[in-house]
Amino acid sequence: MQMRKMLNITLLLGLAVTSAIFLASCASKPEVQPEPEVTPTPPPPPPKFDVKDFQHQMGEEMRKSYEKADEILLGTYTGGHVDDVYGLTYYFDDFISFDKTTLSWGPRMQVIVQVLPHELKPELITQREFKSLTELDKVGICWDDYDQERYYYLIEGEKMLIFLQQGFDEENTRSFRNLIDTYPATKNCNSKAVFALMVQELFTR
């Protein structure tokens, strides 16, 4: 008799535990709330400077290139090389990259980036030639628009703001970067500040 009571109590306890587990598993799980979408903040505007007419024109052209570019770099042009497959190739190093998602510049990178001229064919200026330019010429290479044709420049050993489109050559299984726009980041051109102003206006208007 005592044994039967103990068996009944054990069975009742087992049923109670089973019921509790079953009810707990059936309880509705709390809904997972989606994370709020974060709107990127444009980089802070550059220190106030007197924006000249040619810099206004630079900013307008940068805006068009910004929309088309897969990659935007600010790096030092170190020279060129004739590649066996692609022909003339430009080299850039010591660069930072602009992230169009976060609207911010990334960390400094010391690797070499190879860039194809694509359709631009910019004028190449050596460091010696650059030093011998007059102040007027140093402004001229920032924005050289003559007779409805724009001229592009790459200055050896100087920082350049470059807009790139990426591609992939399936036949040679190689990725490549095409140059679609470029501006010297010299003191006269101040293209990094013009770029920051353009991004500010683009995302706050």
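Start with the largest pocket, which holds about 190 Å³ of space. Keep in mind that you're looking at a predicted model.

**Stop 1: the pocket lining**

Select Glu 71, Tyr 86, Thr 89, Gln 114, Val 115, Leu 116, Gln 166, Gly 167, Arg 174, Ser 175, Phe 176 and Arg 177, and show them as sticks: these residues line the largest pocket. Now colour that selection by class. You should get four nonpolar, five polar and three charged residues.

Next, switch the cartoon on. Which strands supply at least two residues each to this lining? They are β4 (113-115), β9 (159-169) and β10 (174-184). Of the elements here, β10 gives the most, with four residues.

**Stop 2: a tyrosine pair**

Leave the pocket and go looking for rings. There are 11 aromatic pairs in the structure. For one of them, select Tyr 77 and Tyr 90: the ring centres are 6.0 Å apart and the planes sit at 85 degrees, so this pair is edge-to-face. Follow the backbone out from each ring and you'll find Tyr 77 in strand β1 (residues 71-83) and Tyr 90 in strand β2 (residues 87-99), 13 residues apart. Turn on the surface too; Tyr 77 and Tyr 90 are both buried.

**Stop 3: Trp 105 and Phe 195**

Now select Trp 105 and Phe 195. Their ring centres lie 5.6 Å apart with the planes at 55 degrees, which makes the pair tilted, because edge-to-face needs over 60. Trp 105 belongs to strand β3 (residues 104-105) and Phe 195 to helix α5 (residues 191-204), so this pair ties together parts that are 90 residues apart in sequence.

Buried or partly exposed: how does each of the two rings' residues count? Trp 105 has 22% relative accessibility, so it counts as partly exposed. Phe 195, on the other hand, is buried, with a relative accessible area of 1%.

**Stop 4: the wider cluster**

Keep Trp 105 and Phe 195 on screen and add Tyr 66, Phe 98, Phe 163, Tyr 183 and Phe 203. Ring pairs link these residues, together with Trp 105 and Phe 195, into a cluster.

**Stop 5: lysines over rings**

Two cluster members are worth another click. Show Lys 100 next to Tyr 66: the charged end of the lysine sits over the tyrosine ring, 4.7 Å from its centre. Then go back to Trp 105 and add Lys 192, which lies over the face of the tryptophan at 5.8 Å from the ring centre. That puts Trp 105 in view with two partners, Phe 195 as its tilted ring pair and Lys 192 over its face.

Terms used. Residues numbered from 1 in each chain as written. Predicted model: local features only at pLDDT ≥ 70, side-chain atom pairs only at ≥ 80, totals over all residues. Heavy atoms only, no water. 1 Å grid on protein atoms, 1.4 Å probe; cavity = no way out; pocket = protein on both sides within 12 Å on 5 of 7 lines; lining within 4 Å. Points joined across faces, edges and corners; volume = space filled by probe spheres on them. Nonpolar A, V, L, I, M, F, W, Y, C, P; charged D, E, K, R; others polar. Phe/Tyr/Trp six-rings, centres within 6.5 Å; stacked < 30°, edge-to-face > 60°. Buried < 20%, exposed > 50% of the residue type's maximum accessible area, 1.4 Å probe, protein only. Lys NZ or Arg CZ within 6 Å of the ring centre and 35° of its normal.
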